[in-house]
Structure formats: C-alpha cells, structure tokens
Amino acid sequence: MREFEYARARDGREAVALCEPGARYLGGGTNLVDLMRLGVETPARLVDVSRLPYDRIEAAPSGGGARIGAAVRNSDLAAHPVIRRRYPMLARAVLSGGSGQVRNMATVGGNLLQRTRCPYFQDVSKPCNKRHPGDGCPAIEGDHRNLAIIGHSDACVATHPSDMAVALAALDARVHVIGPGGERVVPMPGLHRLPGAEPGRDTVLEPGELITAIELPAPPPGRSVYRKVRERASFAFALVSVAALLGVDSAGVVRHCKIALGGVAHVPWRAARAEGALLGRTAGPDAYAAAADAELALARPLPRNAYKVTLARNLIVATLTELAP
Amino acid sequence: MAEITLRVNGVERSLSLDTRVSLLDLLREHLGLTGSKKGCDHGQCGACTVLIDGRRANACLALAVACDGLEITTVEGLADGEELHPLQAAFVECDAFQCGYCTPGQLCSAAGMLREPGPSAVTGDLTEDPALTAEEIRERMSGNLCRCGAYVNIVAAVHRVAAERAREVAGR
C-alpha cells in the first residue's frame, strides 16, 4: 500500500477543505481500503468522514419521505423500522449486499461511491482503461461472463456492484452533496455515469464533492421488492437484480411502476422503457414480458454474457408477477 | 505515522503507527493478539472478524488509525476469565470446527450477530424481528467461510445459543 496522510474531519466544510487534489474521502473503507491494498487506489491523503454528523435517518410523518445521512451504516439503514415499512425494496436491497460485517462497516455514501469495477480493474498487472485511459480493456476479449450487457462502451464493460443503489435509482432518490463550489442535489438515476470514452469516471461528482445525505420522496402507492440472482445464495454480487414497485388499480391497470436493474450496466440501470410500456396497461405476465422486451431491446451482450439478457427478462417477469399476478 | 489510543478487550492501548496498518495487523503484530486470523485480507473470508464498539467488522478492512478512540473486542476478550463464552462452549459441545483457523472469526461474528436487530435477506416479513432459525443463521453468518466445511455443526452451535437467549428473553 502506498503511504498516505490521514485526517479526520469534524464537519462537512472541514472535510471539503481537507480534500485537496489526490485526497479521497474514507467512509467504512470496505471498498477503498481493499483497492488501496491492491494498489488500484493510491490516495496521498485520506479524509475520514465516517464520524461526521451525517449519521441519522429522519422520516417524515406517515405518507411522507425520508432523509438518510451519508454516514449511516448499511446495517442501520436496513434495520430502520420506517425503511422496512415504507421502502421494503430498499431494505431488501441493502440486506442482499455484502455480509453482516461489511454492512456494519459500510456507509450509505460510501456504498454509492464504491468503484464500478471488474476483475481486471482490480488486478494491476493487467491493462485497464478505467485505471489508465488508452491501455485497453482485456475484459471485452476475456472473462466478461459477469459484466455489462447494456450501456457499455468499447472502453469499459464493468458493472456497478451496489444493490442499494439499484433501489435508490428506482425510488428517485436525491443525493445531497457539498463541495468546493457549494451545495447541490444530484438525482438518481443520474449520479452514476456510463463509461463512454471516460471509464475512469464512475459518477458525475466533481473532485472534492462529498455526499451528505440521500433524500427519498414518499413512495408511490403499490408493493415493492428487490430480487437478486447470484452464483451462490449469499455474499456475492448480482448477476442480475431487479428493484421493482408496482401499483395496480381495482380494474387491474398499472398506475405506478418503478423498475431498476443491477448487475447489467456501469450504472444502476433505471428501466424507463419497461416502465413506459407498463403504465396504463393491464397488469399480467404478458404485459410484463412485453415491458421486459422493450427494455432489453437496448441490450448489446458480449459473446459470453448473453445469458444475462434471458436472465434479466425472466427476472423482471417473475418479480412483477410476484408483486401483481 | 499517527498516534492512536483505543481499548482492546477492556485495556486501554496507546500506539504510534504507520497510517497503513490495518486493525488486524495492529492486533496481531503490535499487540500480540493472534487469535484474530488473517485469511484473505480482503474482507471476504471473515477470519479476522472482531467487534468494534460491539458490532462485528472485518479487522482487515479497518485502518487502525480510523479506530482511534473505539472499543475493540477480539476472541481473546469473549470469555469471562476461565469461563467460556456460551458460544465458545457451544462450539466445543457441537464439534463446530476442524482446523480451527476460522473459529475466532466465527465466534466474534456470531457474538455480534446475536445482538443485531431486524430482518435478513431470507426473512419473509420485513416488519418482524424473526426467530433465528438455521436458515436465518446461515444467511447471517455468510461473511464467515470455513474451508473444512464444518458449517453444519457451526450452525448447530450458534442455533443452540440463539435458542437459549430466546428462551431467556421469553422467560423474563
């Protein structure tokens, strides 16, 4: 691991001031410390923001939204009574990510800002456009079985591994940020970016910007759930996951619909085409299959991950069928 | 270098450390507490699990300098003098290990897990705090690998203690 300075900020403003070029914010460290040990991340300074006073979950009265501090630990988010009742999709997504130990350490802000990655990115003996622009992407010719099928580029086919972010993208979360230029709000989806020709940039955040809170609007009426398919039953990244909310009226017509996919793209992928295909239609497996097909028409699978298109289609249909048969 | 003070198994310790030292290396190399094991050093195997302020965490992923002022409990701190922690006794009674390398992490993980409220990924009704069935224990302990494959007896040992605790709570 490269040498670095360590500084613990007392408030957000001090953290931003300490985050000079070459510095990185440290939350729970579950991704950053690992990447530093691998030699992938080499910050000159760590600014510890894990003890900043962004550690509360504030819920509006019944029927309202919620505000989640960026330093809230993943386990506390998933265990919160209001999150469990009002945003079951989010609680389930968080519980399906990492292990009990990792969820105790990982912060909400850090979960969003974990690196979009693949095994080649984590291996400094291999070329990687995300680490060194122009070096090439060995995953495109090599092992990309678990990598992106949608929105990727010739430069990068990595996926964003967060489960929580998939639920937040479906729930229209708003990410509150402070930085050298002041405060701003970044909508989800919209925080993460597709790789294009600049795969080194995972998000739209500028250097020195710090997430302080996640704001959740009141959930639309309907049932919601998060389903994740992986290679083993627990503590593994998604091959494909689906966060879905479905609100169906008494005539069986879809009135509210939010769908996002994990494991398929460089970003948590909001399935806007599928939503558009479902709204106003009669709920049922045929409509769900048509919606899934509308979304997955965008898919450009690689030679060894075409299975994910079928998997995503079947998972969307199964998840929506679970919510409203 | 950084100056830090933390409490380890109830004893205050002040050290001067390189910022790169992990909590795991602090415990093993600087304090001689070799109960916590280094398996993968990437947060994937759980052999290094300790309790930080009472909550289980991977000591390999924690920077020691970031633990300044915190309370650490390792496997050496679980027993009460000569009296084994109930989980330790249950592991012996249930034959919940073969080589023993993962055991300190399994014990600390289980000790933390038994105090964690709320549902898990396999809980049906999210609004309930479910009973710790074998299925719940397997999910909640998935951050601890056992390459000997002693899982059946590990689950039995943890289940025994979880059931005792549930009976105690019900009896109050």
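# A guided tour of the predicted model

Begin in chain A by selecting strand β1, residues 5–8, together with β3(A), and you will find the two pairing in the parallel sense over 4 bridges. Keep in mind throughout the tour that what is on the screen is a predicted model.

**The parallel sheet of chain A**

With β1(A) and β3(A) still selected, look for Glu5(A), which stands opposite Arg45(A) in β3(A). Then add β2(A), residues 23–26, which also pairs with β3(A) in the parallel sense, again over 4 bridges. Along this second pairing, Tyr25(A) has Val47(A) in β3(A) as its bridge partner, and Leu26(A) stands opposite Asp48(A) in β3(A). To follow the connection, trace the chain from β2(A) through helix α2, residues 32–37 of chain A, and on to β3(A), a β-α-β crossover that is right-handed.

Now show the three strands together: they form an open sheet of chain A with parallel pairing, in the order β1-β3-β2. Why is one side of β1 and of β2 in chain A left without a neighbour in the sheet? Both strands stand at the edges, and each has a single partner strand, so one side of each has no neighbour there. If you turn the view to look across this sheet, neighbouring strands are turned by 25 degrees against each other on average, direction ignored.

Next, select β3(A) alone, residues 45–48, and display its side chains. Arg45(A) and Val47(A) point one way from the strand, while Leu46(A) and Asp48(A) point the other way, and all of them are buried.

**A loop beside the sheet strands**

From Arg45(A), move to Glu20(A), whose C-alpha atom is separated from that of Arg45(A) by 8.3 Å, although the two residues are 25 apart along the chain. Glu20(A) is found in the loop between α1 (12–18) and β2 (23–26) of chain A. Is Glu20(A) buried, partly exposed or exposed? Its relative accessible area is 43%, and Glu20(A) therefore counts as partly exposed, a class that runs between 20% and 50%.

**The antiparallel sheet of chain A**

Stay in chain A and select β4 through β8, the 5 strands that form an open sheet with antiparallel pairing, in the order β4-β5-β8-β6-β7. Its edge strands are β4 (57–59) and β7 (182–187) of chain A, each of which pairs on one side only. Neighbouring strands here are turned by 20 degrees against each other on average, direction ignored. For a closer view, pick β4(A) and strand β5, residues 66–69 of chain A, which pair in the antiparallel sense over 3 bridges, and where Glu58(A) has Arg67(A) in β5(A) as its bridge partner.

**The second largest pocket**

Now bring both chains into view and centre on Arg73(A), Asn104(A), Met105(A), Ile52(B) and Leu70(B), which of the 27 lining residues lie nearest the centre of the second largest pocket. The space in this pocket comes to about 530 Å³. Two elements to colour are α6 (100–105) of chain A and β4 (55–58) of chain B, each of which supplies at least two residues of the lining; the largest share, 3 residues, comes from β4(B). By class, the lining is made up of 14 nonpolar, 5 polar and 8 charged residues.

**The cavities**

How many cavities of 30 Å³ or more are there? The count comes to 2. For the largest cavity, select Cys118(A), Cys128(A), Cys137(A), Cys156(A) and Val157(A), which lie nearest its centre among the 15 residues that line it. This cavity holds about 80 Å³ of space, and its lining divides into 12 nonpolar residues, 2 polar and 1 charged.

The second largest cavity, by contrast, has about 40 Å³ of space. To find it, select Cys40(B), Asp41(B), Cys45(B), Cys48(B) and Cys60(B), the closest to its centre of the 14 residues in its lining. Here the classes are 6 nonpolar, 5 polar and 3 charged.

**A last stop in chain B**

Finish at Ser142(B), which lies in the loop between α4 (134–140) and α5 (151–171) of chain B. Is Ser142(B) buried or exposed? With a relative accessibility of 14%, Ser142(B) counts as buried, because that class takes in values under 20%. If you also select Leu6(B), 136 residues away along the chain, the C-alpha atoms of Ser142(B) and Leu6(B) are separated by 28 Å.

Key. Residues numbered from 1 in each chain as written. Chains lettered and ligands numbered in written order. Predicted model: local features only at pLDDT ≥ 70, side-chain atom pairs only at ≥ 80, totals over all residues. Heavy atoms only, no water. Buried < 20%, exposed > 50% of the residue type's maximum accessible area, 1.4 Å probe, protein only. 1 Å grid on protein atoms, 1.4 Å probe; cavity = no way out; pocket = protein on both sides within 12 Å on 5 of 7 lines; lining within 4 Å. Points joined across faces, edges and corners; volume = space filled by probe spheres on them. Nonpolar A, V, L, I, M, F, W, Y, C, P; charged D, E, K, R; others polar. Pairing = 2+ DSSP bridges. Right-handed = clockwise from strand over helix to strand, strands pointing away. Axes fitted to C-alpha atoms, helices over the stretch in contact; angles between N-to-C directions.
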